Amino acid sequence: MEITWLGTAAVRIGTQGEQILFDPFVQLIGGENPNCIDDFLRDTTVCVTHGHLDHLMEVPVFLDGETEAEATVYCGEASVRTLEKMVEDTGNVVCVRPGDEIRLGSVRIRVWEGRHARPGAAAVLRKLFSLRLFRYFRNALALAYLNPKFPERGQTLIYELVSEGKRVVLLGSLGLAENIVYPDGADLLILPYQGSARLEQTALSVVRRLRPKRIMLDHFDDAFPPVSSRVDTRGFKRLMDREFPDIPVVKPTAGKTITI
């Protein structure tokens, strides 16, 4: 199984002849991992974890006939409602809910309920009064206009991919529902490391519940300045070394494939 992080929360998983793309996003001007929509257009299976713009904004391209082959998009109800306002034909959009299972040949993808991270008021204020706001003022205007058009509506999904005798759990944001018993012991947990006011503690609490064999971080990069920023992951790594020394934490390089 081959896994490639493509910046932000965009991840491509290749397994048993299938290529599955999660949360494609083209970074804004100044993003530290610059990419373009052409990096995604060969993918014909797209899974979206939630409706925020850095997870959903590029998806209409897959539905407007701009890809080489017809693409199928799997997403939650809130994302479907957003896409219906953006494209004429949503015939290739499949609405999935927690408890559903997607079958792609011999690959199975189970859908779980998740939660979105909470950044906290202090973090929002720091962004608003940052000098980067002036440096990336055009980005800020674009984000202010676009953000209300991409609501999450309390619907963040988790995908559990089962293939080749392995399990990969991919979170769309750093949060779990309190009342759900999630499957633990996944061969790989793809963990978005951004967005929480108590980042290290929140990430560690997720690890305690899911107990994966290995972790790959994503969403830690500065993808849409001035709202985003590069996250220092060293503190989390130190906490992991102390509490879970047997669980490796991988901080990937954008575009570089890892194999499990």
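Colleague: How many aromatic pairs does the structure hold?

Modeller: Keep in mind that this is a predicted model. One of the pairs is formed by the rings of Phe 25 and Phe 224. As for the total of aromatic pairs, the structure holds five.

Colleague: Are the ring planes of Phe 25 and Phe 224 stacked or edge-to-face?

Modeller: The ring centres are 6.1 Å apart. Planes over 60 degrees apart count as edge-to-face. Here the planes sit at 90°, so the pair is edge-to-face.

Colleague: How many residues apart in sequence are the parts that this pair ties together?

Modeller: Phe 25 is in the loop between strand S3 and strand S4. Phe 224 is in the loop between strand S12 and helix H8. So the parts tied together are apart in sequence by 199 residues.

Colleague: Is Phe 224 buried or exposed?

Modeller: The cut-off for buried is under 20% relative accessible area. Phe 25, its ring partner, has 0% and counts as buried. Phe 224 has 12%, so it is also buried.

Colleague: Let's move to charges. Which residue forms a salt bridge with Asp 43?

Modeller: Side chains of opposite charge can pair when their charged atoms come close. For Asp 43, the closest N and O atoms of the bridge are 2.6 Å apart. The pair links distant parts of the chain, with Asp 43 in the loop between S3 and S4 and its partner in strand S2, 31 residues away. That partner is Arg 12.

Colleague: Which strand holds Glu 160, the salt-bridge partner of Arg 110?

Modeller: The side chains of Arg 110 and Glu 160 meet at 3.4 Å, N to O. Arg 110 is in strand S8, and the two residues are 50 apart in the chain. Glu 160 is in strand S9.

Colleague: Is Arg 167 buried or exposed?

Modeller: Arg 167 meets Glu 160 in a salt bridge, 2.8 Å from N to O. Salt bridges with shared partners join both of them into one network with Glu 101, Arg 103, Arg 108 and Arg 110. With a relative accessibility of 19%, which is under the 20% cut-off, Arg 167 counts as buried.

Colleague: And on the surface, which residues form the negative patch with Asp 64?

Modeller: Asp 64 lies in the loop between helix H2 and strand S5. Its relative accessibility is 43%, so Asp 64 counts as partly exposed. The other residues of this negative patch are Glu 70, Glu 88 and Asp 89.

Definitions and conventions: Residues are numbered from 1 along each chain as its sequence is written. This is a predicted model: local features need pLDDT of at least 70, side-chain atom pairs count only at pLDDT 80 or more; totals for chains, interfaces and linings use all residues. Side-chain values use heavy atoms; hydrogens and water are left out. Rings of Phe, Tyr and Trp (its six-membered ring) pair if their centres lie within 6.5 Å; planes under 30 degrees apart count as stacked, over 60 as edge-to-face and the rest as tilted. Helices (H or I, at least four residues) and strands (E, at least two) are DSSP runs, numbered from the N terminus. Buried means under 20% relative accessible area, exposed over 50%, partly exposed in between (1.4 Å probe, protein chains only). Patches are made of residues with over 30% relative accessible area and no salt bridge: like charges are joined within 9 Å, nonpolar side chains (Val, Leu, Ile, Met, Phe, Trp, Tyr) within 5 Å. Accessible areas come from the Shrake-Rupley method with a 1.4 Å probe; for residues, only the protein chains shown count as cover. A salt bridge is a side-chain nitrogen of Lys or Arg within 4 Å of a carboxyl oxygen of Asp or Glu. Lys and Arg count as positive and Asp and Glu as negative; His and the chain ends are not counted. The place of a charge is taken as NZ of Lys, CZ of Arg, CG of Asp or CD of Glu.
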